[in-house]
Amino acid sequence: MTKAQIAMKVFGLWMLLPVIGLPLSLWFWHKGSRIFLKSLGVWMVLIPVVLGASYFGLITFSALVVLACIQACKELVQINPESGNRGLDLVIALSISLSLLAMVYHFKPHFSMPYAFAGLLVPLVIFFIHRFQNRPVPIWTLALSLGCSLTIWLVLQSDDNGFNYVLWVFSVVIINDILSFVCGKIFKSPKPFPNLSPNKSIAGYIGGALSAMCAGMLLRFVLPWFTPAQILTAALLMALAGSAGDLFASHVKRINGVKDFGTVLYTMGGALDRLDSLLAAGWAFFLYLRFVVR
């Protein structure tokens, strides 16, 4: 199957989102909640933008990643109440994150996983040490982790099968996000993290994970060299990693006293509100490729 054929087939499958989502959104509107209908409109813009950028190659995809990085750094600085000089903090955050993206873009054939992994874990360890000691968290820690996580998506895109990888991971993670939210609203169940993320429920996590696995199998033609067991395992891993990334982002928002990172995506918050699960899932898929599939 050619790249264009894969793109058209996936586009047809994504058209199921408004077909199914519109009646569900109208039903929730009747119940008094308009967020589903508003979010559906945002998704119908975001999905073709991201997958279209990936389809046209590394340059267009990199441009989109850079734009997302700039917006994410702005949001990190804006929500930080300890920032004495937001202009300087923004310059620091952008310098760190964009430098990492530029380095990976230039040296992608020689990408070193240990260095990138250290660049992700070291700032996160420092972040939690500061939190344990109840000290202000330096902006560079989150900027460094953001940059390292975004570089993984450039690495995936630069692979010979880059479009397939980005398409499959993005689709599975987004389906997990959407169906987690929907199942959590429809089915009442215990909330495992009431203080950290009060809207997340057991039913939501289970529904999202099962939906991710179904989506992964439905899109198996995108990764035909994966066995069914590898597809299901990868999809479950995407759901778990995406949920973990979402919880970490919720923690960052709670300690800074905000509900969303921003408003650039209208009812869906800021860029980081949508990137959180994708950043973690990108790392998980990259490691899965390195140590399981290949």
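In this predicted model, the sulfur of C73 has its closest cysteine sulfur in C69, at 4.3 Å, which is too far for a bond. A disulfide is a covalent bond between the sulfur atoms of two cysteines, and the cut-off applied to a pair of cysteine sulfur atoms is 2.5 Å. C69 is accordingly in no disulfide, the nearest cysteine sulfur to its own being that of C73, and the structure as a whole holds 0 disulfides. With regard to solvent, C69 counts as buried because its relative accessibility is 0%, and C73 is likewise buried, with a relative accessible area of 0%.

A further feature of the model is its second largest pocket, in which about 510 Å³ of space lies. The pocket is lined by 22 residues, and those closest to its centre are L46, V50, L64, A68 and L275. In character the lining is made up of 20 nonpolar residues, together with 1 polar and 1 charged residue.

Several helices take part in forming this lining, with at least two residues supplied by each of α3 (35-55), α4 (58-79), α7 (139-158), α8 (162-186) and α11 (271-293). Of the contributions to the lining of the second largest pocket, that of α4 is the largest share, amounting to 7 residues. The helix α4, which spans 58-79, thus supplies the largest share of a lining in which 20 residues are nonpolar.

Definitions and conventions: Residues are numbered from 1 along each chain as its sequence is written. This is a predicted model: local features need pLDDT of at least 70, side-chain atom pairs count only at pLDDT 80 or more; totals for chains, interfaces and linings use all residues. Side-chain values use heavy atoms; hydrogens and water are left out. On a 1 Å grid over the protein atoms alone, a cavity is a set of points where a 1.4 Å probe fits but cannot get out, and a pocket is an open set with protein on both sides within 12 Å along at least five of seven lines; lining residues have an atom within 4 Å of a point. Grid points are joined across faces, edges and corners, and a volume is the space filled by probe spheres set on the points. Helices (H or I, at least four residues) and strands (E, at least two) are DSSP runs, numbered from the N terminus. Ala, Val, Leu, Ile, Met, Phe, Trp, Tyr, Cys and Pro count as nonpolar, Asp, Glu, Lys and Arg as charged, and the others, Gly among them, as polar. Buried means under 20% relative accessible area, exposed over 50%, partly exposed in between (1.4 Å probe, protein chains only).
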